[in-house]
Amino acid sequence: MAVTVEEVRALALALPRTYEALVRDRVKFRVGRIVYVALSPDETVMGFSYPKEERAALVASQPEKFAMPALRDERFNWVRVRLSAIDAEELREIVTEAWRMVVPARVATEHLRATPAPAPRQAPTTGTPPVEAPTTGSPVVEAPVTEPSVVEAPATEPPVVEAPVTGSPVIEAPFTEPSVVEAPVTEPSVVEAPVTGPSVVEAPVTGSPPVEALATEPPVVEAPAFADLRAAAEVFNGFTGVDRSWLALRERTHPGLDPARVDHRDALLRWLNSWGCRIRYPRAGEPAPFDTGLAGWWAAWSDTLPRGTLAGLDDAAVAAFGRAYGDLVTLPVTTGRLVRSLGPTAAAKALYALRPEAIMAWDAAIAERLHGTRDAAAFTRHLALGRDWARAVLAETGATEAALPGLVGRPDVPLSKILDEFLYVHLSMRSSAP
């Protein structure tokens, strides 16, 4: 893990139109006057251009890696990462996508076509930012160092994720205060537990283990009461734009996500990546294993995937979801000699996107703390646990499953998500604390 300033410099200076500047003892990399990467004075934290509409989800997906920008920089397309928490491949993606936000589409396209795609890896890292770099909302006025200044149209590839970027990249130095956040973020500068639970594409899970009995050991955390859910909801409601990407996905796939449709599969992919799943977008002419694999998985499961709400699931439906998860988790998302699978967190998030009323998703911290593993049997136990919790809190309040989210102050998400948020506050956020 961990990368050095020299690695940052080598990557940035290899990108067209980039030059290095030293401003108040801070190393910055620019295109014209626009800063797209900058280092803290002690060179442990790197700020980089990133769509501000999506950064809350990125920070939530891996708070031990990413942090929100300083308060004065929140109006910019900007976020920060700790260099000790990422590897060379993550650094390459971060720097390249930050650069793509500030150069014209023609420049980015020509460079990427001339650059061989990196080989897929067997062991993916977690919590890296989405690969896409929406740029349609931030016109870039170029002032290249090596050629006359021109005003060019903003980059338009790849397509914009749910919401276009409406701000502009950082033009001045983003790190202008000595108080750079360097320790892992431990207060609500993180946003939401990826429903997806960020959430990342994790190590491949091979095969679909048989679903075990629904009985389980006593949970790590006590079953939540209504007051506990309301407290977790208050935490999430304190995060800016916490539901923006989810609401955008719902709008794009109304009246419901249908993986038989190409545009819906693309919307799901981009939503997963907005929550840190880091599934590589294929370049023109390359195979698209996520797209084709998801279409095949849906052809097998579309007629039998259960419906209903979490509290209303019977044992047969819970077990069916476990089997569907077991098949989905092994879905290849790369091609070549080393093949990566979708992984446990992204599979849980994808099922949530398909059946939001029924699926209590998880992330790595939640799965490991509650169940010790992330296979199909554990996911089955996880849904059974969520079902029991949902029934208990509904019995406590006398509310319906549709009404309870409004009672806790989270009307835009179902009870299954509110339970996931409770677990995120009590397990994921604490596991990322120093």
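**A buried strand, two helix pairs and one leucine**

In this predicted model, strand 3 (residues 34–39) and strand 4 run antiparallel and are joined by 3 bridges. One of the facing pairs puts Ala38 opposite Gly47 of strand 4. The hairpin made by strand 3 and strand 4 has 5 residues between the strands, and there Glu43 takes a positive phi near 60°.

On to the other neighbour of strand 4. Here the partner is strand 6 (residues 78–82), again antiparallel, with 5 bridges joining it to strand 4. Gly47 turns up once more, standing opposite Arg80 of strand 6, while Ser49 stands opposite Trp78 in that strand. Gly47 thus has Ala38 across from it in one direction and Arg80 in strand 6 as another opposite number.

These pairings belong to an open sheet of 6 strands, paired antiparallel and ordered 1-2-3-4-6-5. Strand 1 (18–23) and strand 5 (66–67) are the edge strands, each pairing on one side only. Helix 2 (residues 52–61) lies across strand 4, strand 5 and strand 6, and runs at about 20° to strand 6.

How many of the residues in strand 4 are buried? The count is 5 of the 5 residues (45–49), so strand 4 is largely enclosed by the rest of the structure. In a regular strand, side chains alternate between the two faces of the sheet. For strand 4, Val45, Gly47 and Ser49 sit on one side and Met46 and Phe48 on the other. Both of these faces are covered, with every one of the five residues buried.

Further along the chain, two helix pairs are worth a look. Helix 6 (residues 244–252) packs with helix 7 (residues 262–274) at an angle of about 175°, their axes 10 Å apart. An angle over 145 degrees counts as roughly antiparallel, so that is how helix 6 and helix 7 are arranged relative to each other. Helix 6 brings Ser245, Trp246, Leu249 and Arg252 to the contact, and helix 7 brings His264, Asp266, Ala267, Leu268, Arg270, Trp271 and Ser274. Sorted by class, the contact of helix 6 with helix 7 has 5 nonpolar, 3 polar and 3 charged residues.

Helix 11 (residues 364–371) and helix 12 (residues 376–397) cross at about 85°, with 11 Å between their axes. Helix 11 and helix 12 are therefore roughly perpendicular to each other. In this contact, Ile366, Leu370 and His371 of helix 11 meet Ala378, Arg381, His382 and Leu385 of helix 12. The class split for helix 11 with helix 12 is 4 nonpolar, 2 polar and 1 charged.

Last comes a single residue, Leu415, which is found in helix 14 (residues 415–431). Is Leu415 buried or exposed? Its relative accessible area is 1%, and the cut-off for buried is under 20%, so Leu415 is buried. Leaving aside residues up to four places away in sequence, Leu415 touches Leu229, Ala390, Val393, Leu394, Glu401, Leu404 and Pro405. Pro356 is 59 residues from Leu415 along the chain, and the C-alpha atoms of the two are separated by 9.0 Å.

Methods
Residues are numbered from 1 along each chain as its sequence is written. This is a predicted model: local features need pLDDT of at least 70, side-chain atom pairs count only at pLDDT 80 or more; totals for chains, interfaces and linings use all residues. Side-chain values use heavy atoms; hydrogens and water are left out. Buried means under 20% relative accessible area, exposed over 50%, partly exposed in between (1.4 Å probe, protein chains only). Helices (H or I, at least four residues) and strands (E, at least two) are DSSP runs, numbered from the N terminus. Two strands pair if DSSP finds at least two bridges between them. Axes are lines fitted to C-alpha atoms, for helices over the stretch in contact, and angles run from 0 to 180 degrees between N-to-C directions. Angles under 35 degrees count as roughly parallel, over 145 as roughly antiparallel, 65 to 115 as roughly perpendicular and the rest as oblique. Contact means heavy atoms within 4.5 Å. Ala, Val, Leu, Ile, Met, Phe, Trp, Tyr, Cys and Pro count as nonpolar, Asp, Glu, Lys and Arg as charged, and the others, Gly among them, as polar.
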